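Reader: Could you walk me through this one? I would like to start with the packing and then move on to whatever else stands out.

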Amino acid sequence: MAKDSLEDVEQHFWLTRSVARCMNISLTEAMAVGRLTPDCYAEMVGRCQAAQCSDKCALWLSQQQSEAPEAPEFCASADLLNPLKT
């Protein structure tokens, strides 16, 4: 895998993980208890990468001062993240 591709995937991995953290969701814990499959996690990262909203997401993340009740409306994985909140 090319270095640029790996860095791109890494960026979207961290954006996905950071949105979840702002929602007080541990994706690692969700996988450990069977609420999230590794394939679904990979899908979230892939969706993030395809959505091309990294700047918008980074801005949203920088503005979070308390627990977010849900993923931002522009998040390509909101439909997968929001159910993990409950």
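Author: A contact here means heavy atoms within 4.5 Å. This is a predicted model, in which local features need pLDDT of at least 70 and side-chain atom pairs count only at pLDDT 80 or more, while totals for chains, interfaces and linings use all residues. Residues are numbered from 1 along each chain as its sequence is written, and side-chain values use heavy atoms, with hydrogens and water left out.

Reader: Fine, so what does Leu27 touch?

Author: Leaving aside residues up to four places away in sequence, Leu27 touches Thr16, Arg17, Ala20, Leu36, Tyr41, Met44, Leu81 and Leu84.

Reader: And which residues have the most contacts inside the largest nonpolar core?

Author: Val19, Leu27, Leu36 and Leu81 do, in a core of 24 residues. Such a core is a set of buried Ala, Val, Leu, Ile, Met, Phe, Trp, Tyr and Cys residues joined through side-chain atoms within 4.5 Å; buried means under 20% relative accessible area, exposed over 50%, and partly exposed in between, with a 1.4 Å probe and protein chains only.

Reader: Which helix gives the largest share of this core?

Author: Helix 3 does, with five residues; helices are DSSP runs of H or I, at least four residues long, numbered from the N terminus.

Reader: Which residues of helix 3 are buried, and which are exposed on the other side?

Author: Cys40, Tyr41, Met44, Val45 and Cys48 are buried. Seen down the helix 3 axis, the buried residues fall within an arc of 145 degrees, taken from the directions from the axis to the C-beta atoms, so they line one face. Pro38, Asp39 and Ala50 are exposed on the other side of helix 3.

Reader: Switching to aromatics, how many pairs are there?

Author: The count is two, where rings of Phe, Tyr and Trp (its six-membered ring) pair if their centres lie within 6.5 Å, with planes under 30 degrees apart counted as stacked, over 60 as edge-to-face and the rest as tilted. Phe13 and Trp14 are edge-to-face, at 5.0 Å centre to centre and 85 degrees between the planes. The rings of Phe13 and Tyr41 have centres 5.9 Å apart and planes at 20 degrees, so that pair is stacked.

Reader: Why does the stacked pair tie together parts apart in sequence?

Author: Because Phe13 lies in helix 1 and Tyr41 in helix 3, the pair ties together parts that are 28 residues apart in sequence.

Reader: Last one: what does the side chain of Lys85 reach?

Author: The Lys85 side chain reaches the backbone oxygen of Met23 at 2.7 Å, and Lys85 is partly exposed, with a relative accessible area of 28%.

How values were computed:
Helices (H or I, at least four residues) and strands (E, at least two) are DSSP runs, numbered from the N terminus. A polar contact is a pair of N or O atoms within 3.5 Å; within protein, one must be able to donate a hydrogen and the other to accept it, and residues adjacent in sequence count only if both atoms are side-chain atoms.
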